[in-house]
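Visitor: I've got a model open on my screen and would like a quick tour. Can you walk me through it?

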Amino acid sequence: MNRSLVLMSLCALFYCTSCSHKEEEKEEEIKYSVTSPLKKDTTITNQYVCQIRSIQHIELRALEKGYLQKIFVDEGQHVKKGQLMFQILPIQYQAELQKAEAEANFVGVEYKNTKALADSNIVSKNELALAKAKLDKANAEVSLAKVHLGFTEVRAPFDGIMDHFQVRLGSLVNEGDLLTTLSDNSKMWVYFNVPEAEYLNYKTHAQQENLNNVNLLMANNQVFTHPGVVQTIEADFNNETGNIAFRATFPNPNGLLRHGETGNIQMTLPLKNAMIIPQKATFEVLEKKYVYVVDKDNKIRSREIDIAAELPHIFVVKGGLNPSDKILLEGLRQVKENEKIAYTFVQPASVISHLDLYAE
């Protein structure tokens with residue numbers, strides 16, 4: 001009976017040992033995918049928050065005091081250059097014009113009589129000159145009265161679209177009171193700020209690569225149909241932010257863009273011989289990016305990397321890696337620091353080709 005128990009125990013021990021060896025062999029058979037950074041020419045698209053402004057955006061103000069007698073347009077309406085928009089009660093200014101014209105007529109008669117007498121040498125030339133001066137002054141008063149009367153009519157200085165009214169019909173307006181604003185939206189100026197380093201990259205490549213064209217990502221995450229052109233860069237950097245202001249001009253034939261909108265400018269720059277790795281080969285600790293590097297003994301060690309740019313599914317690395325380094329591609333959560341692994345090396349070009357990457 002005792003011999004049977006011993007035999008059964010030996011069999012069980014042999015079986016467990018055999019299973020343990022099989023599990024160890026199974027673990028050793030796990031192979032991880034490893035690759036290296038890829039040096040490749042590609043492009044990077046930087047985004048900048050922008051402010052959209054009309055090419056012309058002005059305030060229309062009353063030039064004379066009076067009651068707002070008529071409004072000939074409506075809020076949001078497209079108006080043409082010279083179109084009558086507001087009429088301020090003109091009675092007072094019409095009366096002033098009539099008075100000035102009557103005075104000018106009276107002085108004109110005096111001047112004609114004085115000239116006739118002067119031609120007959122009855123009055124001196126000085127009296128004639130004085131009469132002429134009075135006539136010129138009277139005519140100037142007529143012109144001034146016409147100007148004041150004209151100021152009671154507020155006309156559109158250019159083609160544009162109106163904003164909401166700041167006054168209502170019958171309101172008493174004073175000289176300088178705001179009536180409305182007018183925007184010319186045929187073209188739009190889009191302002192955005194660029195950091196110093198990216199400004200230098202842009203200026204380095206702008207002439208060689210014709211990088212003046214930019215795109216506008218609107219607030220609904222749709223790209224505006226028409227590309228814009230960077231036409232102006234301000235003279236000075238903002239010392240507080242380290243940025244410099246750019247201005248791009250966008251055509252707006254359908255009037256989709258309006259003054260005051262916001263969005264994001266997309267500026268594409270080339271990256272020559274950039275070092276790129278898949279995003280899935282990285283992990284994050286306290287907002288810092290790391291990769292697992294496989295050393296010569298097939299042990300993995302974490303290493304912090306410096307990211308220059310982020311593209312769909314890839315990172316552009318500017319520090320922390322060499323092109324010859326081998327990095328763990330998959331299974332990052334299944335391994336531990338300094339663990340020895342078996343791996344299969346995957347060519348970097350093959351890895352990148354299976355990602356959604358635009359590269360040249």
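Guide: Sure, and one definition before we start: a contact here means heavy atoms within 4.5 Å. Also keep in mind that this is a predicted model.

Visitor: Then what is the mean pLDDT of the protein?
Guide: One stretch to treat with care is residues 21-27, where pLDDT stays under 50 and the model has zero contacts beyond four places in sequence. Across the protein, 87% of residues reach 70 or more, and the mean pLDDT is 83.

Visitor: Which residues does E261 touch, leaving out those up to four places away in sequence?
Guide: Start with where E261 is: in the loop between β12 (243-251) and β13 (262-278). Its C-alpha atom is separated by 5.2 Å from that of I52, 209 residues apart along the chain. With that sequence filter on, E261 touches C50, Q51, I52 and L256.

Visitor: And is E261 buried or partly exposed?
Guide: The side chain of E261 reaches the backbone nitrogen of R258 at 2.5 Å. Buried would need a relative accessible area under 20%. E261 has 25%, so it counts as partly exposed.

Visitor: In the aromatic pair of Y199 and F237, which residue is buried?
Guide: The structure holds nine aromatic pairs. In this one the rings are edge-to-face, 5.3 Å centre to centre with 85° between the planes. The pair links distant parts of the chain, with Y199 in helix α4 (residues 196-209) and F237 in the loop between β11 (228-233) and β12, 38 residues apart. F237 is partly exposed because its relative accessible area is 28%, while a value of 17% makes the buried one Y199.

Visitor: Which residues do ring pairs link into a cluster?
Guide: Y199 and F237 both belong to it. The full set linked by ring pairs is Y48, F192, Y199, Y202, F237 and F246.

Visitor: Whose charged end sits over the ring of W189?
Guide: Look for a charged end 3.9 Å from the centre of the W189 ring. That charged end belongs to R247.

Visitor: Now the sheet: what is the bridge partner of L68 in β5?
Guide: Four strands form an open sheet in the order β6-β5-β3-β8, with antiparallel pairing. The edge strands, β6 (153-155) and β8 (172-173), each pair on one side only. Three bridges join β3 (residues 66-71) to β5 (residues 84-88). In β5, the partner of L68 is I88.

Conventions: Residues numbered from 1 in each chain as written. Predicted model: local features only at pLDDT ≥ 70, side-chain atom pairs only at ≥ 80, totals over all residues. Heavy atoms only, no water. Pairing = 2+ DSSP bridges. Helix = DSSP H or I, 4+ residues; strand = E, 2+ residues; numbered from the N terminus. Buried < 20%, exposed > 50% of the residue type's maximum accessible area, 1.4 Å probe, protein only. Polar contact = N/O pair within 3.5 Å; in protein donor to acceptor, adjacent residues only side chain to side chain. pLDDT = per-residue confidence, 0-100. Phe/Tyr/Trp six-rings, centres within 6.5 Å; stacked < 30°, edge-to-face > 60°. Lys NZ or Arg CZ within 6 Å of the ring centre and 35° of its normal.
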